[in-house]
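Please look through the structure below, with attention to how its aromatic side chains and its strands are arranged.

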Amino acid sequence: MIVLLIAFLLAIFVLPNVWAKWVLARHARGRDDYPGTGAELADHLLRRLGIEGVKVEMTEQGDHYDPEARRVRLSREHYEGRSLTAVTVAAHEVGHAIQHHEGYAPLIARSRMVGVAQRAEKIGALLMMAAPFLFILTRLPGGLAMVIAMAVISFGTAALVHLVTLPVEFDASFNRALPLLREYVPPYDMPGARHVLTACAFTYVAASLASVLNLGRWLVILRR
């Protein structure tokens with residue numbers, strides 16, 4: 001029974017991330033019939049839509065749109081790549097630029113909450129590094145409650161932000177990027193593009209579940 005429970009929990013927490021990576025890799029093969037790279041498509045879309053002041057950059061920090069710097073940042077394989085994954089991920093990040101350009105309220109709220117989540121995750125990292133001291137603290141009156149509260153605030157906040165992010169991601173994928181991709185991607189590639197757009201959003205599902213897993217692990221450890 002315990003083995004089945006562990007297998008079930010691992011499936012819940014691991015499969016979304018594994019599936020997202022598998023989908024992105026499946027459609028990452030170079031395509032000679034595509035006229036441009038992910039970066040070239042992103043730059044073209046920004047100019048076509050009249051979104052001024054937004055630049056496309058290569059990054060080592062993962063694909064994302066930075067609303068403060070007004071940058072669409074793509075990993076090397078998507079910046080230089082000429083594949084279905086590359087152009088679809090690029091269109092997805094341009095989708096966020098469109099949201100920002102139009103003043104899409106959930107994106108603005110998400111941007112503010114991300115800063116809170118980053119600080120909360122730093123608190124979580126400090127909790128892990130201070131584990132020996134915390135085990136001593138939990139034996140003091142009220143110490144256990146304080147440590148549990150800190151863990152809930154740190155990992156719980158991160159999980160909440162990742163979940164709140166999902167509507168923003170799905171909007172960028174299916175309300176912004178998908179209509180644009182229909183004009184540039186062959187019809188027979190559109191099912192694959194939909195899968196890639198879904199995978200882009202599911203990376204946040206995986207991140208949220210990881211935060212929940214960290215919170216649950218701390219609660220189990222502290223109750224011993």
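**Aromatic rings and strand pairing**

In this predicted model, F174 has a relative accessibility of 23% and therefore counts as partly exposed, since that class lies between the 20% limit for buried residues and the 50% limit for exposed ones. F170, with a relative accessibility of 30%, likewise counts as partly exposed. Both residues belong to helix α7 (residues 143-181), and because they are 4 residues apart there, about one helical turn separates them.

A search of the whole structure finds 1 aromatic pair. The pair consists of F170 and F174, whose ring centres are 6.0 Å apart and whose planes meet at 15°, so the two rings are stacked. A contact of another kind involves R176, which lies over the face of Y104 at 5.1 Å from the ring centre.

The strands offer a second point of interest. Strand β3 (residues 71-75) has 4 of its 5 residues buried, which means that the rest of the structure largely encloses this strand. Strand β1 (residues 55-59) runs parallel to β3 and is joined to it by 5 bridges, and within this pairing M58 has L74 of β3 as its bridge partner. Strand β2 (residues 64-66), by contrast, runs antiparallel to β3, with 3 bridges joining the two, and here H64 has R73 of β3 as its bridge partner. β2 and β3 together form a hairpin with 4 residues between them, and R70, which sits in the turn, has a positive phi of about 55°.

Definitions and conventions: Residues are numbered from 1 along each chain as its sequence is written. This is a predicted model: local features need pLDDT of at least 70, side-chain atom pairs count only at pLDDT 80 or more; totals for chains, interfaces and linings use all residues. Side-chain values use heavy atoms; hydrogens and water are left out. Buried means under 20% relative accessible area, exposed over 50%, partly exposed in between (1.4 Å probe, protein chains only). Two strands pair if DSSP finds at least two bridges between them. Rings of Phe, Tyr and Trp (its six-membered ring) pair if their centres lie within 6.5 Å; planes under 30 degrees apart count as stacked, over 60 as edge-to-face and the rest as tilted. A charge sits over a ring if NZ of Lys or CZ of Arg is within 6 Å of the ring centre and within 35 degrees of the ring normal.
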